[in-house]
Each structure stands twice: as C-alpha cells, then as structure tokens.
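Colleague: I would like a close look at a single part of this model, together with the setting in which that part sits. Could you take me through it step by step?

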Amino acid sequence: MSIIELKNVTYQYPLDSEAIIKEIDLSIENGKVYGLIGNNQAGKTTLCNIMRGFIPEMFLGELTGTVMYKEKAIQQYNIGALAAEIGYSSQNPFTQISGVKDTVEEEIAYGMENIGISPEIMEQKVQELIELFKLEELKEKNPFELSGGQKQRVALASIVALDPEVVILDEPTSQLDPQSTEEIFEIIAMLKKQGKTIIVVEHKVDLLAEYCDEIVLLEDGRIVKNGSAHQVLSDPDILEHGGALPQVSLFYLKHLKQNTSVPITMAEAIRKLMGGVSQ
Amino acid sequence: MSILTLENVSFSYPNGFEATRNVSAEFQLGEAVAIIGQNGAGKTTTVKLMNGLLRPTQGRVLIDEKETNSLTTAQMAKRVGYVFQNPDDQIFQDSIEKEIAFGPKKQKLDASIVQTRVQEAAEACGLENVLQEHPYNLPYSKRKFITIAAVMAMDPEVVILDEPTAGQDRESTELLGGLIKSLTKKNKTVITITHDMEFVTKEFHRVLVFAEKKLQKEGTPREIFWDEELLQRSALKQPYICQLANALGYQEVMTMDELEKRITA
C-alpha cells in the first residue's frame with residue numbers, strides 16, 4: 001500500500017522563472033526505505049517538502065497535480081498534526097535545533113511537550129533515545145555547544161521521539177564521521193523493522209546500497225530513475241544524470257568490465273570475487 | 001622550511017574542557033594534507049589554532065618558523081586562511097561578489113587587483129555566473145564554495161578547509177579536488193578536514209589522524225589506511241576499495257587500478 005502518492009506534481013517557487021519540480025509521479029510504499037539521490041539543486045529538498053505537506057502550506061508558489069497521504073489529499077490534514085506523522089530532519093543541522101531549550105534532554109522532549117505527551121512517558125522516552133543515539137555524555141549540554149555531527153544526532157532523536165509513521169531525512173549524515181554515519185543507518189534499519197517508512201536524501205550511495213529498498217534519482221526536477229536499489233545502483237547510466245555509483249559497482253563496471261549481475265554492496269562484491277573473476 | 005608549525009600545542013576552553021592535547025605537526029608549502037578522525041576528536045580546534053582564531057593554552061604556533069604570539073588574528077589570517085565548517089558562520093554580505101571581495105578590499109589592494117582576485121576565485125569555485133546573487137539564494141552546499149572563494153581571494157599561503165565535502169554531490173566533490181590540486185600547484189598548502197575517505201585517498205599526500213583529542217599518527221594514505229590497529233583505535237574505516245581488497249587478501253591496495261591489477265594478475 002502506498003502511504004504517500006504523488007501524481008503529476010509540478011511546483012514553482014514564487015520568484016523563479018521555471019518549475020523546480022516537474023511532472024513527478026511517485027508512490028512511496030508503506031514500510032520501505034527510499035534513497036533519494038541526485039545533484040545538488042536537482043530538487044530533492046523541495047520534493048521532501050512537498051511530500052510532508054510543507055509545500056504549499058508554508059510556501060507561496062504554484063503546485064499542480066495531487067499529493068495524497070494515506071489516500072487523502074495532503075492539504076486536508078492540519079499541518080501541525082501532519083508534522084507528528086511525517087517526521088522531517090532538515091539538511092542544515094545548524095538550523096534544526098529549536099533554540100528555546102537549554103539542554104539536549106529538553107531539546108529531545110520539546111516536540112513531545114508540544115503534542116501533549118505525559119511527563120512520565122516523556123522522561124522514559126527521552127532516556128531511551130539518549131541511549132539509542134549515544135548522547136549520554138551530551139545530555140546536559142546546551143544544543144548550541146555541540147559539534148555539527150552531534151547536532152545532527154540530536155535533531156534526529158527529536159524526530160524519532162514523536163514516533164512518526166514516515167521519517168524524511170534530508171542529508172542526515174552530512175556532518176558525521178564514518179562511524180556515526182553507519183549508526184544513523186542502523187537506526188534507519190531499526191525504524192524500518194518497526195514498520196516505519198523512511199525517505200533519506202543522501203550522497204553516500206555505498207550506504208544507500210546497503211540499507212535502501214528503493215532508489216529515486218532526481219535530475220533537474222524530474223525523476224530519471226526509480227527502481228530497486230539493485231536496479232538503479234548497478235546502472236552506469238545514472239552517472240550521466242548526476243547520480244553516483246557505489247565504489248564496488250563502479251569497480252565492477254569500469255575496471256572488471258562486467259555488466260551483468262553487478263554487485264552493489266561490499267558483501268555481494270566479496271562473495272562474487274571470492275569465486276574468481278570470469279574473463 | 002615549514003610554512004606552519006605546531007609545537008606541543010594544547011587548547012582548553014575557558015570552562016576547562018580540553019579540546020586538543022599536545023599536538024606537534026609541520027606543514028610545507030605546496031602540500032595537501034588531510035585531517036581525519038571522529039566528531040569531537042579535536043580536529044576543528046586544532047585548525048583554529050593554526051590561524052589564530054584560538055590561541056594555544058600551551059605550546060607554540062609558528063608561521064614561517066616565527067612565533068605568532070605577537071601577531072593579531074587578522075595578521076595571521078592573511079597568511080593562513082580558514083574556511084568555516086558552517087558557511088553561515090562566515091557569510092555576512094548581501095551579494096556573492098561583495099562577500100568574495102571583502103577580504104582583498106580589507107587588505108587595501110588596488111581595485112583592479114581586487115577585481116582580478118574575485119574573478120579568479122569565483123571561477124575556481126564555479127561561481128562566476130552568480131556573483132550578483134544573494135549568498136542565501138544558493139543552497140548550503142554551494143554556500144560552502146562562496147566561503148572557499150572568499151578565503152582564496154585573500155591569497156593566503158595556507159588554506160584550511162573544514163569539512164568542505166559535507167553535503168556535496170559527486171560533481172562538487174570533483175570540483176573541490178581540482179581546486180585543491182590547483183592551489184598546491186601554486187605552491188599553497190591546503191589542510192582539509194574531511195570524513196570522506198575516498199576523497200582523502202584521491203587528493204592528499206599526507207594524512208593526520210586525530211582521536212581522543214590527540215594526533216595519533218601521520219603518514220601517506222597507504223600508511224594510514226592499512227594500519228588496522230590505528231583505524232580501530234580511531235574508530236575509522238578503510239576506504240571501500242581497501243575493504244574489498246582486504247577481504248580478498250590483497251594487502252596495501254589503495255586504488256581501483258591497483259586492485260584490478262592484483263585480481264587479473
């Protein structure tokens with residue numbers, strides 16, 4: 001079942017001379033992990049804002065086509081209520097922090113306070129999230145004192161706190177070191193196990209290959225590829241459209257000159273190459 | 001002769017939090033050096049000590065083998081340019097052109113030289129067609145290039161880039177790589193903090209690894225990425241191609257070309 005459905009969606013920002021999102025059809029199915037890739041300025045963030053109903057609610061400009069959430073037009077939802085169902089972490093962790101809370105603990109609880117969760121449940125939940133996101137040492141700190149990577153983890157914890165059905169993450173690991181990046185993807189995998197639907201905008205295709213079911217490649221406001229992670233991330237054609245290939249696929253395609261059953265993950269590549277390379 | 005030297009440098013914030021401990025390192029003109037390590041390992045603090053944004057609580061920072069204690073931050077910044085991790089901490093003008101021109105203007109250069117500097121820096125950073133735009137009309141990842149151009153326009157001998165690869169797409173990462181090469185060709189020193197290990201392997205001659213507030217090791221990418229004990233201690237991983245080679249039993253491989261040769265040999 002699709003939880004979010006876009007039909008022929010076009011959107012233009014008020015001061016722009018052309019549309020940034022062009023005739024997009026996209027069906028986001030319940031319980032899957034989607035990787036949204038493409039060049040900077042391909043329209044990825046705008047598409048995220050459309051899928052969570054933030055556009056057109058909070059932006060001027062013209063949106064045509066239909067956006068459905070749970071089979072109902074997204075405009076029919078109250079934007080506040082929708083924010084609790086579709087969690088979103090913005091690209092720039094430096095602007096995500098609320099600015100009204102003095103500690104990391106309070107920051108994580110802030111969203112829950114707003115939707116009226118009881119203090120006991122809130123405290124327990126904050127504790128769980130602090131463990132899950134490895135924030136123990138930081139919980140008393142002012143969110144503004146944190147490094148970019150730490151802010152990014154706090155921002156994500158604040159979203160998961162609201163227990164949304166859909167989680168949209170716009171470059172959640174851009175400021176993170178490799179280990180923290182993997183940890184974020186492990187959290188994504190955990191959210192998937194809980195039945196959540198996840199959409200992640202990310203340039204690190206090697207990790208998308210490991211964790212995503214589906215990949216959507218956007219170029220200049222249009223969807224140019226949309227398919228299983230395997231289909232899209234083993235297709236050298238995506239390089240011509242601002243996409244990137246995982247290192248192992250690239251190696252297989254460009255160096256071993258093999259075009260069939262191209263591995264996209266490290267484990268697959270090792271398995272295949274252990275058997276030797278057929279010339 | 002080293003253009004920049006850190007001698008047993010430590011730094012603690014006024015609240016007592018120690019961010020970097022006893023770091024010694026030397027940097028030569030014309031080299032590209034990567035700094036890697038976990039978030040919170042002391043990387044940004046260390047580079048801020050290099051251009052006077054922070055002053056060591058212990059140890060010395062030397063530029064051209066001369067003590068920098070008596071120099072103001074503005075004087076140091078002329079020679080060691082620092083591009084902030086968050087571009088929004090740096091940008092304050094209302095057009096990209098003004099933002100890039102601000103530094104050279106402050107250096108009281110002739111208008112024609114300022115003009116040339118702005119043009120060159122903008123071209124190197126792919127901004128030549130958007131000079132009249134407001135910096136905030138560009139997305140975060142492109143704003144980073146504005147701040148790089150602004151530092152380049154001051155023509156410092158050392159350019160420090162703090163996580164320039166964060167949030168960049170493949171094309172922009174390639175643009176960054178080209179930019180670093182062109183700077184080192186002009187005999188500039190480029191010091192770059194990054195989490196992108198493929199980028200490190202491709203663009204840098206020397207790597208410094210930080211963990212737990214300390215410099216753990218310096219060496220070539222090969223010396224760093226095949227030191228498994230170091231990687232474990234520093235919570236780092238090999239670049240993907242090294243991982244693949246390692247699993248297949250080919251030691252010391254760094255590039256796809258090398259791995260191809262080993263596999264097809």
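Modeller: Since this is a predicted model, I will begin with how the chains meet and then turn to one strand. Between the two chains, 33 residues of chain A are in contact with 35 residues of chain B. On the side of chain A that touches chain B, the elements giving two or more residues are α7 (148–160), α8 (178–193), α11 (247–255) and α12 (266–274) of chain A, and of these α12(A) gives the most, with 5 residues. By residue type, that side of chain A divides into 13 nonpolar, 17 polar and 3 charged residues.

The part to examine closely is strand β7 of chain A, residues 166–170, which is mostly covered, with 5 of its 5 residues buried. In a regular strand the side chains alternate between the two faces of the sheet. In β7(A), A:Val166, A:Ile168 and A:Asp170 point one way, while A:Val167 and A:Leu169 point the other way, and all are buried.

As for its neighbours, β7(A) is joined by 4 bridges to strand β6 of chain A (residues 86–89), and the two run parallel; here A:Ile168 is the bridge partner of A:Tyr88. Strand β8 of chain A (residues 197–201) also pairs with β7(A) in the parallel sense, over 5 bridges, and in that pairing A:Ile168 stands opposite A:Ile199. From β7(A) the chain crosses through α8(A) to β8(A), and this β-α-β crossover is right-handed. The helix of that crossover, α8(A), is also among the elements that give two or more residues to the side of chain A that touches chain B.

Methods: Residues numbered from 1 in each chain as written. Chains lettered and ligands numbered in written order. Predicted model: local features only at pLDDT ≥ 70, side-chain atom pairs only at ≥ 80, totals over all residues. Contact = placed C-beta atoms within 7 Å. Nonpolar A, V, L, I, M, F, W, Y, C, P; charged D, E, K, R; others polar. Buried ≥ 20, exposed ≤ 12 C-beta atoms within 10 Å, placed from the backbone. Pairing = 2+ DSSP bridges. Right-handed = clockwise from strand over helix to strand, strands pointing away.
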